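The following note concerns the nonpolar cores and the aromatic side chains of the structure shown here. It is set out as numbered points for consideration alongside the coordinates.

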Amino acid sequence: MSTARAVLWDMDGTLIDSEEFHWISWRDTMADQGVPITREQFLSSFGQRNDSIIPRWLGAASTPERVERISRAKEELYRDLIRKHGMSPLPGVSDWVRRLHEEGWLQAIASAAPRPNIEVVLESLKAAHCFQAIVSAEDVHKGKPDPEVYLMAASRLGTSPKRSIVVEDAVAGVEAARSAGMRSIGVSRNGKHLAAELVVQSLDLLNSDAFERLLQSSSSVAKSC
C-alpha cells in the first residue's frame, strides 16, 4: 500500500476568491438570455454544477441544448475575466502549496469547476507544477457532498483516503471528505460552521505542522479501530 501523502484542494473559495468573476459572468450571460438573476440567486447556487443551476433559473424554458449553450458561454466569459484581470490566491495559499510540494506531498485539485477553468486558474497562479492531478466537473457523475470527486482524486494520485487531507470552504465539501474517509481542513472566511477536524479563517493562520499533525492523528485513529 502506498505511503504517499496527499492534499486534495477545493478551488473556488479555498485556493482563490472567484466569487466576483463568477457573479459577473453569470449575471451577464443570463441577461443575454433574457433571464435576469439577483446576487442572492447567484450566491445560493455558488459551488454547484452548472447543469443543476441553469435549469432552475430557466424553468420550463430549459432544454439540455440550451443549458449546455449557456454553460459554455458563461465559462468562456469567466475565463476571459481571469485572463484579462488575473487571479490572486487567498492568504496563505501560495506558501502552503509551495511548501507541501517541496516536502513531497502529492497535490490535486478536486473541484466542480470545468477543467479549462481550473487550468486557467493554475496558469494565473503559476502553480500548475505543484499539482499532480485534476478532477473536474467532466470527470464525475455526482457533485459534493457525494465523495466521488475526492475518492477519484486520491485514486489518481495513488494515495489512500486515510493518507489524504482535504482543504475545503463549503459544508458540502467537508461532508464529501468525511464520506470519503478523509480528514479535512476547513477555511471559514465568513465564520460559517464547518465540521472539519481543523477550521481556520484563512490558511496563513495554520500552524507550520498542521498537515502533518492531522495526518498523524488520522493514522492513530486508524490503528486504534
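**Aromatic pairs and nonpolar cores**

1. Five aromatic pairs are found when the whole structure, a predicted model, is searched. In one of them, Trp26 and Trp57 meet edge-to-face, with 5.1 Å centre to centre and 90° between the planes. Trp26 belongs to helix H1 (residues 19-32) and Trp57 to helix H3 (residues 50-58), so this pair ties together parts that are 31 residues apart in sequence. Both Trp26 and Trp57 are buried.

2. Other aromatic side chains also merit attention. Trp23, Phe42 and Phe46 make up one aromatic cluster. At Tyr78, the face of the ring has Lys74 lying over it, 5.1 Å from the ring centre.

3. The largest nonpolar core comprises 38 residues, of which Trp9, Leu15, Ile109, Phe131, Leu203 and Phe211 touch the most other members. Two or more residues each are contributed by strands E1 (6-9), E4 (164-168) and E5 (183-187), and by helices H4 (64-85), H5 (93-102), H6 (115-125) and H9 (210-224). The largest share, five residues, is that of H6.

4. Which residues is Leu15 in contact with, leaving aside its neighbours within four places in sequence? They are Trp9, Asp10, Pro89, Leu90, Val93, Val97, Ile109 and Phe131. Among these, Trp9, Ile109 and Phe131 are themselves listed with Leu15 as touching the most other members of the core.

5. A second core, separate from the one above, holds 17 residues, including Ala6, Val140, Ala180 and Met182.

Methods. Residues numbered from 1 in each chain as written. Predicted model: local features only at pLDDT ≥ 70, side-chain atom pairs only at ≥ 80, totals over all residues. Heavy atoms only, no water. Core = buried A, V, L, I, M, F, W, Y, C linked by side-chain atoms within 4.5 Å. Buried < 20%, exposed > 50% of the residue type's maximum accessible area, 1.4 Å probe, protein only. Helix = DSSP H or I, 4+ residues; strand = E, 2+ residues; numbered from the N terminus. Contact = heavy atoms within 4.5 Å. Phe/Tyr/Trp six-rings, centres within 6.5 Å; stacked < 30°, edge-to-face > 60°. Lys NZ or Arg CZ within 6 Å of the ring centre and 35° of its normal.
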